[in-house]
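Me: I have a chain here that I would like to go through with you. Could you explain the labels as we go, setting each value against its cut-off?

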Amino acid sequence: MSAQDHPKGAQEFPAIFPPWLDRLQIKYMNPVVKKVARFLPGTSIIKHRGRKSGKPYETVVTTYRKGNLLAIALGHGKTEWVKNVLAAGEADVRLSRRDLHITNPRIVPAGADGEGLPWLARLQARRVAVFVADIS
């Protein structure tokens, strides 16, 4: 997807995965992974509500934790779950078998320093934006 295909302001959140992979993952892979996520290291489920509908959603993500900081690399760009959590200002994350509440969500833009982020998130921040939130 080229920069002109993105909505205004989304160029700051480069997607490294092609759109067809997004569709494949949402339709086929996520329902399977959601069932076994608690057994897969680093795989979590973020629980959020729709901005307009208020409908609850669960999205499979790969999380990185450092102390009370949770980071998620945005390889798919600024997706709907990111917009929902930013609008709400909070969400719940099931990490292994524990539920965590996150607050103060923010985006570290691609190419930023990433100081204070977990090591793997810092590496990915060179190419993609990183979603960061505080664990409360």
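Reply: Happy to, and let us start with leucine 24, which is found in helix 1. Keep in mind that this is a predicted model.

Me: Why is leucine 24 called partly exposed?

Reply: Its relative accessible area is 35%. Buried means under 20% and exposed means over 50%, so leucine 24, at 35%, counts as partly exposed.

Me: And what makes the nonpolar surface patch that includes Leu24?

Reply: Four side chains make it, namely Trp20, Leu24, Tyr28 and Met29, and the patch covers about 450 Å². A patch residue needs over 30% relative accessible area, and leucine 24 has 35%, so leucine 24 passes that cut-off.

Me: How do you know that the span of helix 1 is close to the expected one?

Reply: Helix 1 covers residues 19-36, which is 18 residues, and reaches 25 Å from its first C-alpha to its last. The expectation at 1.5 Å a residue is 26 Å, so the two values are close. The helix does bend, though: about 50° at methionine 29, with proline 31 following within four residues.

Me: Why is the pair of tryptophan 81 and phenylalanine 131 called edge-to-face?

Reply: The count comes to one aromatic pair, and this is it. The ring centres are 5.2 Å apart, and the limit for a pair is 6.5 Å. The planes stand at 65°, and over 60 counts as edge-to-face, so the label fits.

Me: What makes this pair a tie between separate parts of the sequence?

Reply: Tryptophan 81 lies in helix 2 (residues 80-88) and phenylalanine 131 in strand 7 (residues 130-135), so the pair ties together parts that are 50 residues apart in sequence.

Me: Are the two residues buried or exposed?

Reply: Tryptophan 81 has 9% relative accessibility and phenylalanine 131 has 1%. Buried means under 20%, so tryptophan 81 and phenylalanine 131 are both buried.

Me: How do you know that glutamate 80 and arginine 51 form a salt bridge?

Reply: Their side chains meet at 2.9 Å, N to O. The limit is 4 Å, so the pair qualifies. Glutamate 80 is in helix 2 and arginine 51 in the loop between strand 1 (43-49) and strand 2 (56-62), 29 residues apart. Glutamate 80, at 46%, is partly exposed, and so is arginine 51, at 39%.

Me: What makes arginine 106 and aspartate 134 a salt bridge too?

Reply: The distance is 3.2 Å, N to O, and the cut-off is 4 Å, so this pair also counts. It links arginine 106 in strand 6 with aspartate 134 in strand 7, 28 residues apart. At 24%, aspartate 134 is partly exposed.

Me: Which residues are linked in a network of salt bridges?

Reply: Lys47, Arg94 and Asp99 are. Within the network, arginine 94 and aspartate 99 have their closest N and O atoms 3.0 Å apart. The count for the model comes to five salt bridges.

Me: Lastly, what makes phi of serine 96 worth a remark?

Reply: The value is near 60°, which is positive in a residue other than glycine. Serine 96 sits in the loop between strand 5 (90-95) and strand 6 (98-108). Asparagine 104, found in strand 6, has a positive phi as well, near 55°.

Technical notes
Residues are numbered from 1 along each chain as its sequence is written. This is a predicted model: local features need pLDDT of at least 70, side-chain atom pairs count only at pLDDT 80 or more; totals for chains, interfaces and linings use all residues. Side-chain values use heavy atoms; hydrogens and water are left out. Rings of Phe, Tyr and Trp (its six-membered ring) pair if their centres lie within 6.5 Å; planes under 30 degrees apart count as stacked, over 60 as edge-to-face and the rest as tilted. Helices (H or I, at least four residues) and strands (E, at least two) are DSSP runs, numbered from the N terminus. Buried means under 20% relative accessible area, exposed over 50%, partly exposed in between (1.4 Å probe, protein chains only). The bend at a residue is the angle between axes fitted to the seven residues ending there and the seven starting there. Patches are made of residues with over 30% relative accessible area and no salt bridge: like charges are joined within 9 Å, nonpolar side chains (Val, Leu, Ile, Met, Phe, Trp, Tyr) within 5 Å. Accessible areas come from the Shrake-Rupley method with a 1.4 Å probe; for residues, only the protein chains shown count as cover.
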